[in-house]
Amino acid sequence: MEPMFDNKRLLWLLALVAAFLFGPYRSPADEPNASQGTERKLPPGELGRLVQLGREIVENTHDHPLSKEFVGNSLDCTSCHLDAGTHPEAASFLGVATAYPAWSPREKRVITLQDRALNCFMRSQNGTRPPVGSQVAVAITAYITWLSTDQPIRMNPDKPLGPNHVPPLEQTTGDIDRGKTLYEDNCAYCHGDNGEGSDDGPPVWGDESYNDGAGLSRVPKLASWLKVAMPLDDTTLTSQEALDIAAYVNSHSRPKFRLQDHLPEEGKAGVYNGDGR
Ligand code: HEC
Ligand code: HEC
């Protein structure tokens, strides 16, 4: 009688099992978003509560009671750091904490993760820098750090960017006229004909948008982000289309950035992070 599993059959069976386990049929828990972020276990106690608070602030920055006074537009961190920073490509927070402290050519200093997060309030959020050590600062930093759980530290000596940052495009210039048509066809139904935003997307130019000191106010930076982030859930733009649209979006007016207007008042740049006794 033939054995039920000769070597050949056994190999086929193993291949089948492997294809099932490692093939395209992955359970939701294996999706990159889940395994790299959202399904992560919260630390116990007060630390876990703070991580959770940080996520709430990142998702609702312009409206949250702890952060709204520091925000000068209608954006939230998650407007650009999609899915509260757990999107693997669109200005991802995954792995970001491993890059800090990092050298920042803009500040000409080595900066911490907390510095980097707070600086986004001055530019992308067109607001004021919250005090170092304040609850909002520590909560956001705790949340972003938690998203790097188990990843090795590799402090970045060149720029304040993590391992999954948006890769720059090869070209750098776009055509505003072509961009206008592309914007009207691909973006206006969510962001409005005049960039004013709608229920389906935040403003992309004007007073309620990021200011001209923000990363996205530079055409190549906006284009590289658009390519991996927009149109939301349907990222099909070519590099040239992304550049054309970016040139058009950034040809409109937005708040002017003057560092002095965005720094905290004298003596309010930091607080003692303790109970005061
Ligand atoms: C208008 C868009 C926008 C908004 C709003 C915004 N950011 Fe950013 N932020 C960016 C972009 C673009 C980068 C560069 C990311 C890249 O190149 O991958 C960045 C970078 C960062 C980094 C460094 C990432 C790294 O790879 O090291 C941190 C931390 C950060 N932002 C935190 C925040 C926080 C916290 C908020 C909310 C208070 C916020 N950002 C709001 C666009 C924005
Ligand atoms: C289906 C609706 C939709 C479409 C289409 C769309 N977006 Fe967005 N966009 C959004 C939403 C929603 C956000 C904020 C993400 C969040 O909060 O989760 C966003 C965020 C943005 C941001 C960063 C935040 C801000 O408002 O400055 C920019 C810039 C942007 N989109 C530009 C574009 C451009 C350019 C296009 C066309 C190529 C486009 N979007 C197409 C819905 C859309």
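Of the 277 residues of the protein chain, 38% count as buried, a label given to a residue with 20 or more other C-beta atoms within 10 Å of its own, while exposed stands for 12 or fewer and partly exposed for the range in between, with C-beta atoms placed from the backbone. The model is predicted, and local features need pLDDT of at least 70, side-chain atom pairs count only at pLDDT 80 or more, and totals for chains, interfaces and linings use all residues. Residues are numbered from 1 along each chain as its sequence is written, with chains lettered from A and ligands numbered from 1 in the order in which they are written.

The protein chain holds 11 helices and 2 strands, both taken as DSSP runs numbered from the N terminus (helices H or I, at least four residues; strands E, at least two). Along the sequence the pattern reads α-α-α-α-β-β-α-α-α-α-α-α-α.

Turning to the ligand, 27 residues surround ligand 1, and Cys77, Cys80, Cys120, Ser124 and His165 come nearest; a residue is near if its C-beta atom, placed from the backbone, lies within 6 Å. Helix α5 gives the most to this shell, with 4 residues, and α4 (77-80), α5 (113-122) and α6 (135-146) each supply at least two. Because domain 1 (33-165) and domain 2 (176-249) both give residues to the shell, ligand 1 lies between them; the domain bounds come from an automatic or database domain assignment.

Finally, Glu241 sits in helix α10 (residues 239-249). Glu241 is partly exposed because 18 other C-beta atoms lie within 10 Å. The C-alpha atoms of Glu241 and Tyr183 are separated by 9.5 Å, with their positions 58 residues apart along the chain.
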